[in-house]
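Hi,

Here is the structure I promised to hand over. Have a look at it first, and then read on for what turned up.

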Amino acid sequence: MSQARGQTMGRGTRKFPRSMAQLITALLSLCPAIASADWALNMRPGVTPNSQGIYHLHMIVLWICVVIGVLVFGVMFYSILHFRKSRGARAAHFHENTTVEIVWTLIPFVILVCVAVPATRTLIAMESTGNADMTIKATGYQWRWHYDYLDQGVSFFSVLAEKSNEARQPRSGIDPHTVENYLLDVDQPLVVPVGKKVRLLTTANDVIHAWWVPELGVKRDAIPGFINESWFKVETPGTYRGQCAELCGKDHGFMPIVVVAKEEGEFNKWVEDKKAAALAEAAANDPNREWKKEELMAKGAEVYTKNCAVCHQADGKGVPGNFPALAGSEIANGNVDDHIDRVLFGKNQMPAWKETLSPVEIAAVITYERNSFGNTAGDVVQPKKVAEY
Amino acid sequence: MAHAAHHDDHAHHPTGVMRWITTTNNKDIGTLYLSFALLMFFIGGSMAMIIRAELFKPGLQFVDPQFFNSMTTLHALVMIFGAVMPAFVGLANWMIPMMIGAPDMALPRLNNWSFWLLPFAFTLLLSTLFMPGGAPAGGWTMYAPLVLQTGEAFPFLIFAVHIMGISSIMGAINIIATVFNMRAPGMTFMKLPLFVWTWIITAFLLIAAMPVLAGAVTMLLTDKFFGTSFFSAAGGGDPVMFQHIFWFFGHPEVYIMILPAFGIVSAIVPTFARKPLFGYASMVYATASIAFLSFIVWAHHMFTVGMPLAGELFFMYTTVLIAVPTGVKIFNWLATMWRGSMTFETPMLFALGFIVMFTIGGFSGLMLGVTPADFQYQDTYFVVAHFHYVLVTGAVFAIMGATYFWLPKWTGHMYDETLGKWHFWLSTIFVNVLFFPQHFLGLAGMPRRIPDYAVQFADWNMVSSIGGFCFGATQLLFLYVIVKCVRGGAKASDRVWEGAEGLEWILPSPPPYHSFVNPPLVK
């Protein structure tokens with residue numbers, strides 16, 4: 001639906017009357033058919049036992065609130081209509097009644113106990129992380145997720161998909177409606193088998209993040225120095241999307257989570273493919289061989305766009321006051337060891353890339369930075385030098 | 001009153017700007033607090049307008065993400081510490097001495113200082129907007145380690161918070177000293193107007209909570225500059241400990257911002273229902289219970305942090321328990337209206353709006369308190385909707401109601417009733433257009449504190465932004481009504497409202513410079 005509208009309405013010039021018409025339609029007919037489209041009103045039940053448990057609990061409490069609300073506001077509006085001076089109402093003078101006070105203290109208490117019982121049951125189920133079939137560790141970085149399949153030996157970074165990343169740049173001129181799954185798409189999704197209990201460990205490398213996929217019913221903080229546990233068991237194959245749910249800095253809104261649930265056979269095949277690809281990649285990126293400048297420049301440009309351009313900008317000019325320019329900077333034109341040091345270990349807002357990028361990637365991006373944006377250091381940094389630094 | 005007038009003749013205070021800088025008079029200081037709060041309300045509101053403009057449609061049109069985060073951070077700090085809290089202190093300064101039959105506050109010089117710290121605190125805070133590295137952008141909750149990435153603004157943030165805290169603590173000490181020592185003969189504690197009661201309890205919350213915040217931010221400061229690692233796991237510290245300490249302050253803080261509002265509504269509803277407040281004693285006990293519970297529920301702000309099951313259960317039970325005394329308050333207000341003789345002047349409209357919309361915020365609060373469901377709500381727009389219902393349609397609506405209620409007493413002029421009603425109705429409609437759709441956004445999965453969003457959230461965001469712009473513009477009307485009333489208008493009688501009861505209404509409008517020089521006898 002959003003796709004179609006993006007095309008018919010052109011770039012970012014949505015007409016006001018049309019939105020108002022949509023608003024009125026939505027307000028007049030709060031029916032599930034509309035709720036399933038963009039005008040979503042309620043939580044979705046999700047696809048795991050926990051998310052469905054949460055959904056039912058949510059609906060119970062919501063309806064209790066609606067009923068109490070109707071009663072309380074009913075009494076209030078009855079008073080407003082009937083006990084008004086303009087209708088000749090004379091004020092009574094009663095001002096206390098202990099029995100009434102006790103009654104309206106006890107009734108809410110009883111209602112709360114009725115809520116607490118199912119809530120406790122759901123919570124105990126959610127916290128039972130034992131007997132898992134497999135364990136995945138998710139590590140939050142500014143601003144990407146790293147996944148480690150502890151049983152399968154597969155690991156990779158998952159970052160915002162290229163197309164979303166282009167469209168989300170300030171004043172990019174790209175209409176988000178034309179980008180599929182805008183901001184909710186990644187380059188490499190987390191793949192899990194259906195029907196298996198997956199234990200998820202969350203932690204973080206820099207600041208606190210939170211791993212949240214609404215339809216799995218999992219939201220757990222990823223905290224540096226801590227390992228948190230939670231679990232999910234997806235019952236239907238499909239793609240489920242979520243986002244980081246704890247403010248983690250500038251690009252907090254741009255580190256989505258995508259989970260693809262596959263049948264076990266397909267999952268095993270995916271694991272094998274992933275392992276083979278990792279081996280091939282390692283062979284191609286041997287840090288011990290001598291790299292040509294062109295190879296490093298090409299790879300460096302790629303690494304730069306993916307990792308560095310968010311702050312230092314595509315043209316290397318940075319954001320004055322916030323992010324230093326690389327064009328003409330002391331580091332990028334001075335002693336190469338200082339440059340390597342800064343990229344490996346970071347400083348203030350500049351992250352340490354030692355754990356995140358391989359020596360080849362770091363050597364490539366440094367070479368790229370020293371020979372682009374008008375910088376003329378001219379030297380080539382070999383991956384071996386970075387690996388031994 | 002003859003004596004009071006005589007005394008006024010002898011009050012030789014400086015004129016012009018020096019009068020305001022050197023004043024030790026509770027009414028002058030109350031006016032300063034209220035004017036400051038109004039200014040901050042517009043500054044914080046402008047930041048909200050920037051936020052809603054960026055969220056009007058998906059994509060980044062106006063600001064970059066870092067600045068967006070600065071706006072959410074500063075909006076919260078300015079509104080909480082600059083608008084809502086000073087407004088309540090301003091109301092306390094004006095009303096408490098009159099309500100208890102005292103001439104002034106107990107500690108007038110402290111009073112002057114506690115106000116004059118605020119402009120310095122907010123100059124420090126807002127100056128960060130012009131610093132290299134930008135203003136603080138780690139959220140008003142200042143979670144470590146993120147906040148430690150703040151640039152040159154960091155120490156300014158910490159010291160601004162320190163100064164605001166000192167100001168609040170001194171204000172609280174003054175209110176306690178005043179109420180405990182300066183009540184008129186016969187004004188026993190159980191005869192105090194509810195506004196005074198809720199303020200005493202608030203003052204104790206302030207004294208207990210603000211030093212905790214000061215401690216937390218001091219630890220941040222030493223972590224950043226002096227090599228400690230209170231909150232750094234790499235140095236043996238604990239980033240979660242910051243959250244525990246922060247929310248041990250933070251939860252009482254939310255009651256600091258709502259208890260005086262309960263007091264205001266408990267003053268307005270009986271006046272316009274022409275009937276005494278129902279269940280006075282139970283109102284006092286309910287307020288005290290809420291205050292007590294506020295110290296044992298803090299971790300419900302951080303359920304997703306990974307606490308043991310027993311901890312999650314404990315904080316769930318204590319949190320939902322707060323619904324009981326809060327419910328008692330709502331029921332008492334309803335019983336006050338029942339069989340009353342009601343009229344609906346602007347203050348009453350705001351009080352009724354408060355009761356309905358604060359209750360809606362209370363309902364979402366109950367939902368948030370249920371731990372498993374909280375895992376889905378936490379850090380989404382559902383939370384944003386919840387706390388804006390309790391703080392905007394709760395605290396701010398009560399402050400606006402109080403302004404209309406007491407403005408004729410303060411100025412001696414009636415405000416423009418027609419414009420007041422317009423202000424109420426426009427505010428009420430647009431505030432709901434602004435915040436109600438945010439419940440839907442949160443339930444549909446939109447996280448808070450993001451400058452850009454997936455396209456399925458576009459529709460409700462646009463509605464919310466339209467509500468936001470209109471709500472913001474409506475507040476200019478509020479400013480106009482106040483200015484108009486201060487400058488003139490129909491003469492207000494001493495009692496102002498037909499059903500008004502209490503010592504403040506036996507004084508002339510406007511009241512003499514020192515309210516009660518001879519204490520009235522309270523029977």
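Helices here are DSSP runs of H or I with at least four residues, numbered from the N terminus. Please keep in mind that this is a predicted model.

Let me start at the surface, where chains A and B both take part. A:Phe109, A:Val113, A:Val117 and B:Leu321 make a nonpolar surface patch of about 300 Å². Which helix gives the largest share of the nonpolar patch? That is helix α5 of chain A, residues 98-126, with three residues. One patch member, A:Val113, has its place in this helix. With a relative accessibility of 41%, A:Val113 counts as partly exposed, because the partly exposed class runs between 20% and 50%.

The same helix also takes part in a packing pair with chain B. The axes of α5(A) and helix α11 of chain B (residues 309-321) come within 10 Å and cross at roughly 160°. Angles over 145 degrees count as roughly antiparallel, so that is the relation between α5(A) and α11(B). The crossing in which α5(A) passes α11(B) is right-handed.

A second helix pair sits within chain B. Helix α9 (residues 259-273) and helix α10 (residues 280-293) of chain B have axes that come within 11 Å and cross at roughly 165°. α9(B) is therefore roughly antiparallel to α10(B), and their crossing is right-handed.

Now to the charged contacts. How many salt bridges are there over all chains? The count comes to 19, and three of them are worth a visit in your viewer.

The first one is a salt bridge between the side chains of A:Lys85 and B:Glu498, at 2.9 Å from N to O. A:Lys85 lies in the loop between α4 (49-82) and α5 of chain A, and B:Glu498 in the segment after α17 (458-487) of chain B, so this pair joins two chains. A:Lys85 is partly exposed, at 36% relative accessible area, whereas B:Glu498 counts as exposed at 53%. The two residues also belong to a network of salt bridges that links A:Lys85, B:Arg274 and B:Glu498.

The next one is in chain A, where A:Glu127 forms a salt bridge with A:Arg220 and the closest N and O atoms are 3.2 Å apart. This pair links distant parts of the chain: A:Glu127 is in the loop between α5 and β1 (134-141), A:Arg220 is in strand β7 (residues 218-222), and 93 residues separate them. Are these two partners buried or exposed? Both A:Glu127 and A:Arg220 are buried.

The last one joins the side chains of A:Arg168 and A:Asp251, at 3.2 Å from N to O. Here too, distant parts of the chain are linked: A:Arg168 is in the loop between α6 (162-167) and β4 (190-193) of chain A, and A:Asp251 is in the loop between β9 (238-244) and β10 (257-262), 83 residues apart. A:Arg168 is buried, with a relative accessible area of 5%, and A:Asp251 counts as buried at 2%.

One more residue to look up is B:Met85, in helix α4 of chain B (residues 65-100). B:Met85 has a relative accessible area of 7% and is buried. From B:Met85 to B:Leu419 there are 334 residues in sequence and 26 Å in space, C-alpha to C-alpha.

Enjoy exploring, and best wishes!

Methods. Residues numbered from 1 in each chain as written. Chains lettered and ligands numbered in written order. Predicted model: local features only at pLDDT ≥ 70, side-chain atom pairs only at ≥ 80, totals over all residues. Heavy atoms only, no water. Patch = residues over 30% accessible without salt bridge, like charges linked within 9 Å, V, L, I, M, F, W, Y side chains within 5 Å. Areas by Shrake-Rupley, 256 points an atom, 1.4 Å probe, with all protein chains shown as cover. Salt bridge = Lys/Arg side-chain N within 4 Å of Asp/Glu carboxyl O. Buried < 20%, exposed > 50% of the residue type's maximum accessible area, 1.4 Å probe, protein only. Axes fitted to C-alpha atoms, helices over the stretch in contact; angles between N-to-C directions. Parallel < 35°, antiparallel > 145°, perpendicular 65-115°, else oblique. Left-handed = near helix turned anticlockwise from the far one by under 90°.
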